[in-house]
Amino acid sequence: MGFAVGLMNFVVFGLSHQSADVALREQVALRPEVVGDALSSIQEVLSLEEAAILSTCNRTEIYASGNQASCADLKRWLSQYCKLSEAHLSDAYFLQGADAIAHMMRVAAGLDSLVLGEPQILGQLKDAYHYAQREGALGRELHQVFQQVFSTAKRIRSETAIGKNPVSVAYAAVSLAQQIFADLSECHVLVLGAGDTANLVAKYLNDKRVARISVANRTLSRAQELADEVGGRAMLLGEISQIMHEVDIVISSTASQLPIVGKGTIESALKKRRHNPMLLIDIAVPRDIEPEVAGLDDAYLYTVDDLARVVESNQQSRVEEVAEAQAIIESQVDEFMARARARESVSGISAYRQQAELWRDELLEKARIQLANGRPPEQVMEQMARGLTNKLLHIPTRNLQQMKESDLLRLTEELFQLPVNDEKSND
């Protein structure tokens, strides 16, 4: 399969915060440790030559190349793998060829993110690339696409102000806390998790000079490492119920597949707090905090979807950069596809020349045999010339006869420098 042809078979299938709520996104979210199994499954079930999977709190996307998979194929696989009805995936998007590549570039540059221009998504895309590479699911075509996507995202970052003044989901969470608690310097904040997002949350909180920061994680050493950076206290996730009544704000971002903060824990904490309000911001997918907590008096629960309204004002300065970034993407897609077509053209010409040489050698060998058998040289030469002409022109002539588009016919006349048949000259 040629490279340009392969790119036309390149597809993106997925769900994001723009097409699915957090309840659905958490059902299709794939933990890093299962991505390898998912890649093996999708390649085997759909006979895909190449595949990669991106799964974050805001999107799950499948990138595939080679044997073209339809939207229905991918929808069926994802529903079966995640054990949910295909009807739930009715709003999934499906893009092909240049449109799919442009979408990946928008994602990598943060143009399709909940927080416009956020930088974390590029790192997550690079992780998806490395997972696919590690599992042997990354071939020549996907490699080329990813490299072009990374290069374009880097160019957008350097040539536009889309990433100026860091804004992220973590920043949005801290901004929300600041809006609800006017003075964070009097607040005790509990950060659940010690990954990249949790790290940002803790650092933003430290910049706001909160009174106390506690960091809880499944692994104590990672919690301690982050707590040391912000002058906080480290603990295991299993210990949080012991201090929950002391906490004013909980910001959670773990990779747990099940909620780690239940309604009962918050209900008990509120009683001990004599119903002083608590703010809980759950930016994990799947969610860390049971949704039922939102029904408790004095507990104010926000999810990652709620942050969209909070960050709107923070993004206005970046909106005007979108048009410039989009122009870069369009030019990069055009150049990338043009280079792919050029490579395909060179490959096609080489293949045709090889085929012509095989025909020539075949007919030349027949001619030698006929001459050795005493056939007149003039007849042998005439038969060989006629045979070679027929082999070279049979398929192109047949295809030209089926062409209705005048542009293609004019191109053929130009390519072979044929005399133009101007019907008007016969009038």
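**Helix packing and two sheets in a predicted model**

Q: At what angle do the axes of helix α5 and helix α7 cross?
A: The axes of helix α5 (residues 97-108) and helix α7 (residues 140-159) cross at roughly 45 degrees and come within 9 Å, where axes are lines fitted to C-alpha atoms, for helices over the stretch in contact, and angles run from 0 to 180 degrees between N-to-C directions. This is a predicted model, in which local features need pLDDT of at least 70 and side-chain atom pairs count only at pLDDT 80 or more, while totals for chains, interfaces and linings use all residues. Residues are numbered from 1 along each chain as its sequence is written, and side-chain values use heavy atoms, with hydrogens and water left out.

Q: What does that make α5 and α7 to each other, and what is the hand of the crossing?
A: α5 and α7 are therefore oblique to each other; angles under 35 degrees count as roughly parallel, over 145 as roughly antiparallel, 65 to 115 as roughly perpendicular and the rest as oblique. The crossing of α5 and α7 is right-handed, a term used if the near helix is turned clockwise from the far one by less than a right angle.

Q: Which residues meet there?
A: From α5, Ile-101, Met-104, Met-105 and Ala-108 meet Val-145, Phe-146, Gln-148, Val-149, Thr-152 and Ala-153 of α7, contact meaning heavy atoms within 4.5 Å. The residues of this contact of α5 with α7 divide into eight nonpolar, two polar and no charged, with Ala, Val, Leu, Ile, Met, Phe, Trp, Tyr, Cys and Pro counted as nonpolar, Asp, Glu, Lys and Arg as charged, and the others, Gly among them, as polar.

Q: And how do α5 and α6 pack?
A: α5 and helix α6 (residues 120-134) pack at an angle of about 125 degrees with their axes 8 Å apart, and that makes α5 oblique to α6. Met-104, Val-107 and Ala-108 in α5 meet Ile-121, Leu-122 and Leu-125 in α6, and the residues of this contact divide into six nonpolar, no polar and no charged.

Q: Switching to sheets, what is the strand order in the one with six strands?
A: That open sheet runs β7-β6-β5-β8-β9-β10 with parallel pairing, and two strands pair if DSSP finds at least two bridges between them. Its edge strands, each pairing on one side only, are β7 (233-236) and β10 (299-303).

Q: Which helix packs on it, touching β8, β9 and β10?
A: Helix α8 (residues 169-180) does, and its direction makes about 165 degrees with that of β9. Helix α9 (residues 196-207) lies across β5 (188-192), β6 and β8, running at about 165 degrees to β5.

Q: What about the sheet of four strands, parallel or antiparallel?
A: The pairing is antiparallel in this open sheet, which has the order β2-β3-β1-β4, and the edge strands are β2 (50-55) and β4 (93-96). Strand β1 (residues 11-16) is joined to β4 by four bridges, and Gly-14 has Tyr-93 in β4 as its bridge partner. Helix α3 (residues 32-46) packs on the sheet, touching β2 and β3 (59-65), with its direction at about 140 degrees to that of β2.

Q: Last one: how many helices and strands does the chain have?
A: The chain has 14 helices and ten strands, where helices (H or I, at least four residues) and strands (E, at least two) are DSSP runs, numbered from the N terminus.
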